[in-house]
Amino acid sequence: FRRVLFRSHFRIIHGDDRRLIVRLRHPQLCLLLLVLHAPCDDDESVLHAWWKQTSSLIPSSFASWSWLVMTDANSRVGTVRSQAVGPEGAEHENLRGSLFHEWLLQHNLWLPQTFDSTHTGSHVTWKHPSQGQGRIDYIAISSDVSNSNVQSWVHDKIDLSLAREDH
């Protein structure tokens, strides 16, 4: 069925240069939307503080809502498996990935693009002009969302009008 959304259904909970947290409240849908750009840093204390602060910005009243998290996590996951991260398209889990993975588990989220039952096609979401490519961008959803209703893929034909191919 069709849902019509109006500006009044959305409320910004928090916004800064690396995070946007929005509440979507509709008579037929309550959803917390998070857009995150995690630091590209290898200092564990910096990363831990960033994920901890991100959690602190989410009011506890939204813990029971379904979440949709769209993130440039600057992280690689897949070799450590859990209910949040599956083996599909696995990359060696780095420090950034480990802290991201921990955050996913803390908030009962999972990454559809890491499970073969929900993902099709390529896993590459990022390309560097000289340092290769990989999967560092993710969409996470609440574990209460049935995987039978989820499909993921990387759409590589979107024109972002970038000077060079990146994400």
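Two residues are said to be in contact when heavy atoms of theirs lie within 4.5 Å. The structure described here is a predicted model, in which local features need a pLDDT of at least 70 and side-chain atom pairs count only at pLDDT 80 or more, while totals for chains, interfaces and linings use all residues. Residues are numbered from 1 along each chain as its sequence is written, and side-chain values use heavy atoms, with hydrogens and water left out.

Leaving aside neighbours within four places in sequence, L111 is in contact with V77, A84, V85, F100, L104, Y138, I139 and A140. This residue belongs to the loop between β5 and β6 (126-128), where strands (E, at least two residues) and helices (H or I, at least four residues) are DSSP runs numbered from the N terminus. L111 has a relative accessibility of 0% and therefore counts as buried, a term that stands for a relative accessible area under 20%, whereas exposed stands for over 50% and partly exposed for values in between, all with a 1.4 Å probe and protein chains only. Although L111 and A84 are 27 residues apart along the chain, their C-alpha atoms are separated by 5.9 Å.

The protein chain as a whole contains two helices and eight strands, which follow one another along the sequence in the pattern β-β-β-α-β-α-β-β-β-β. Its radius of gyration is 16 Å, close to the 15 Å that the globule rule gives for 167 residues, so the chain is as compact as a globular protein of that length; the radius is taken over C-alpha atoms, and the rule is 2.2 Å times the number of residues to the power 0.38. Along the principal axes, the C-alpha trace spans about 45 × 40 × 35 Å. Of the 167 residues, 42% count as buried, and among contacts between residues at least 6 apart in sequence, 62% join residues at least 24 apart.

Six of the strands form an open sheet with mixed pairing, in the order β1-β2-β3-β4-β8-β5. The edges are taken by β1 and β5 (109-110), each of which has a single partner strand, so one side of each is left without a neighbour in the sheet. Two strands are said to pair if DSSP finds at least two bridges between them. Strands of a sheet pair through backbone hydrogen bonds, either parallel or antiparallel.

From one edge of this sheet, β1 runs antiparallel to β2 and is joined to it by five bridges, with R11 standing opposite R23 in β2. Strand β2 (residues 19-26) then pairs with β3 (residues 29-37) in the antiparallel sense over eight bridges; here R25 has C30 in β3 as its bridge partner, and a hairpin of two residues joins β2 to β3. By contrast in direction, β3 and β4 (residues 66-72) pair in the parallel sense over seven bridges, and V35 has M70 in β4 as its bridge partner. Between these two strands the chain passes through helix α1 (residues 44-56), making a right-handed β-α-β crossover, that is, one in which the path from the first strand over the helix to the second runs clockwise when the strands point away from the viewer.

Five of the seven residues of β4 are buried, so this strand is largely enclosed by the rest of the structure. L36 stands opposite T71 in β4, while M70 stands opposite I139 in β8. The pairing of β4 with β8 (residues 137-142) is antiparallel and extends over five bridges.

Three further residues can be described individually. H9 lies in the segment before β1 (10-15) and is buried, with a relative accessible area of 12%. A polar atom of the H9 side chain lies 2.8 Å from the backbone nitrogen of F6. Not counting residues up to four places away in sequence, H9 touches V4, R23, L24, R25, H26 and P27.

Most residues other than glycine have a negative phi. N74, which is not a glycine, nevertheless has a positive phi of about 50°; this residue is placed in the loop between β4 and α2 (95-106) and counts as buried at 10% relative accessibility. N108, in the loop between α2 and β5, likewise is a residue other than glycine with a positive phi, near 55°, but counts as partly exposed at 47% relative accessibility.

Definitions and conventions
A polar contact is a pair of N or O atoms within 3.5 Å; within protein, one must be able to donate a hydrogen and the other to accept it, and residues adjacent in sequence count only if both atoms are side-chain atoms.
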